[in-house]
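Dear colleague,

I am passing on a structure for your consideration. Please find it below, followed by an account of what was found in it.

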Amino acid sequence: MQYLAAAHRYEAMQYRRCGRSGLKLPAISLGLWHNFGDATRVDNSRELLRHAFDRGITHFDLANNYGPPPGSAESNFGRILREDFSGYRDELIISSKAGYTMWDGPYGDWGSRKYLIASLDQSLKRMGLDYVDIFYHHRPDPETPLEETMRALDHVVRQGKALYVGLSNYPAERAAQAADILRELGTPCLIHQPKYSLFEQKPEQGLLSVLEEKGVGCIAFSPLAGGVLTDRYLTGIPTDSRAASGSQFLTSDTLTAEKMATVRKLNAIAEQRGQKLSQMALAWVLRNVTSVLIGASKTAQIDDAVAMLANTSFTDEELSQIADAVV
Ligand SMILES: NC(=O)c1ccc[n+]([C@@H]2O[C@H](COP(=O)([O-])OP(=O)(O)OC[C@H]3O[C@@H](n4cnc5c(N)ncnc54)[C@H](OP(=O)(O)O)[C@@H]3O)[C@@H](O)[C@H]2O)c1
């Protein structure tokens, strides 16, 4: 059936300025790392995208290698975009990235100008787009001069193939250097995408203050630790969960007795707040970032995230209980 976006889609969402740019991002963004490749049913992927947009989630995050197989999330997204969202392109922020292994040989990985420019061309073809809104360098490259990588980002903006650029997984000091180079080139860094959650608090040791100082926004990936910071695994490993899917990023070994004891403590704090654990985990990250970048396999998970926005503040007492629980 022809998709018509919900008329009230902008009412439930908050939009937050991204660093010192002109762009606002939704407090919740949707990532297509899982559940959009060829191994998933396209009708479920379509439903997730429609459901998210109907609730004001205007930002969809991709990368060249999302699948499996690599590239298939962009191809499937491109098809859904064409079939459902063609009338809404100017209401969407679509990002892609290059930085991890994408094709064979020395030019399909890391951070050379050769790789980044070719990869973005491929991503645009797969998605059927003339431009992405944000193009990221996906991870720092220890061998390529930072100037070369940043010049490639600047170049794609000048070519009109990306409106803004970002960095992902860069540690604080390298992010500061990269942001300085980009500013000198005249293409300020819009955003940084680090892994940040109750279980991954490293960005607080320097990165977040660098981003604040440089006027760069922040979007936190895996804010639910892939689903561990939810009620998903409280009573075992459901067969339809990421941990049961054979994902190398979330195996049953990750769910140790010690980790699950912490999850239970956090769950009790969330209950005291009248929230689900997933909601408390997102609200906790959102205190310090522009947007939380979630994944979802079901539309109800998107609803949980959006409902979180009704309760995003914490008392000092709650923050200290949370800090004690994750030690
Ligand atoms: N830049 C990078 O290097 C990088 C790396 C990783 C990810 N990312 C980006 O970040 C996005 C999000 O990553 P992520 O998927 O790891 O994020 P996440 O939000 O930490 O985990 C998402 C998973 O948690 C479970 N979940 C979500 N809401 C739930 C709820 N309310 N109740 C119970 N379970 C819930 C679902 O797992 P089930 O499948 O078990 O239902 C869902 O797929 C990616 O799609 C990608 O765009 C970027």
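**The ligand and its surroundings**

The ligand is surrounded by 28 residues, and the closest of these are G31, W33, L224, G227 and G295. Please bear in mind throughout that this is a predicted model. By character, the residues of the shell around the ligand comprise nine nonpolar, 15 polar and four charged. Two elements, strand β10 (291-294) and helix α9 (299-308), each contribute at least two residues to this shell.

**Overall fold**

The protein contains ten helices and ten strands. Its C-alpha atoms occupy a box of roughly 50 × 50 × 40 Å along the principal axes. For 327 residues, a compact globule would be expected to have a radius of gyration near 20 Å; the protein has 19 Å and therefore agrees with that expectation. Among contacts with a separation of 6 or more, 76% are between residues 24 or more positions apart.

As one indication of the extent of the protein, R79 and A243 are 164 residues apart along the chain, and their C-alpha atoms are separated by 28 Å. R79 belongs to helix α2 and is partly exposed, because 16 other C-beta atoms lie within 10 Å.

**The nonpolar core**

Of the 327 residues, 45% count as buried. In soluble globular proteins, nonpolar side chains tend to be buried together. The largest nonpolar core here has 89 residues, of which I134 and V292 touch the most other members. Helix α8 (residues 277-286) supplies the largest share of this core, namely eight residues.

Which residues does V292 touch, not counting those up to four places away in sequence? They are A27, I28, A220, P223, L282, V285 and L286.

**Helix α6**

Helix α6 (residues 207-214) has three named residues to consider: L207, V210 and L211 are its buried residues. Viewed down the axis of α6, its buried residues fall within an arc of 95°, so they line one face of the helix. An α-helix has 3.6 residues a turn, so residues three or four places apart point the same way. The packing partners of the buried residues of α6 are α5 (172-185), β8 (189-193) and β9 (217-221). After α6 comes G215, with a positive phi near 75°.

**The loop between β4 and α2**

Two cis peptide bonds deserve your attention when you inspect the loop between β4 (59-61) and α2 (72-84), where P68 is found. The bond joining G67 and P68 is cis, with omega about -5°. The bond from P68 to P69 is also cis, with omega near -10°. P69 is likewise placed in the loop between β4 and α2, as is G67.

Is G67 buried or exposed? G67 is buried, because 21 other C-beta atoms lie within 10 Å and the threshold for a buried residue is 20 or more. Leaving aside neighbours within four places in sequence, G67 is in contact with G37, D38, S72 and A73. G67 is also 6.5 Å from F36, C-alpha to C-alpha, although these two residues are 31 residues apart in sequence.

**Positive phi outside glycine**

Two residues other than glycine are worth examining for their backbone geometry: W110 has a positive phi near 70°, and N169 has a positive phi near 65°. W110 is located in the loop between β5 (93-98) and α3 (113-127), whereas N169 is located in the loop between β7 (162-168) and α5.

Why does W110 count as buried? The reason is its 21 C-beta neighbours inside 10 Å, given that a residue is buried if 20 or more other C-beta atoms lie within that distance. N169, by contrast, has 19 other C-beta atoms within 10 Å and is therefore partly exposed.

With kind regards

Notes: Residues numbered from 1 in each chain as written. Predicted model: local features only at pLDDT ≥ 70, side-chain atom pairs only at ≥ 80, totals over all residues. Near = placed C-beta within 6 Å. Helix = DSSP H or I, 4+ residues; strand = E, 2+ residues; numbered from the N terminus. Nonpolar A, V, L, I, M, F, W, Y, C, P; charged D, E, K, R; others polar. Rg over C-alpha atoms; globule rule 2.2 N^0.38 Å. Buried ≥ 20, exposed ≤ 12 C-beta atoms within 10 Å, placed from the backbone. Contact = placed C-beta atoms within 7 Å. Core = buried A, V, L, I, M, F, W, Y, C linked by C-beta atoms within 7 Å. Arc of directions from axis to C-beta.
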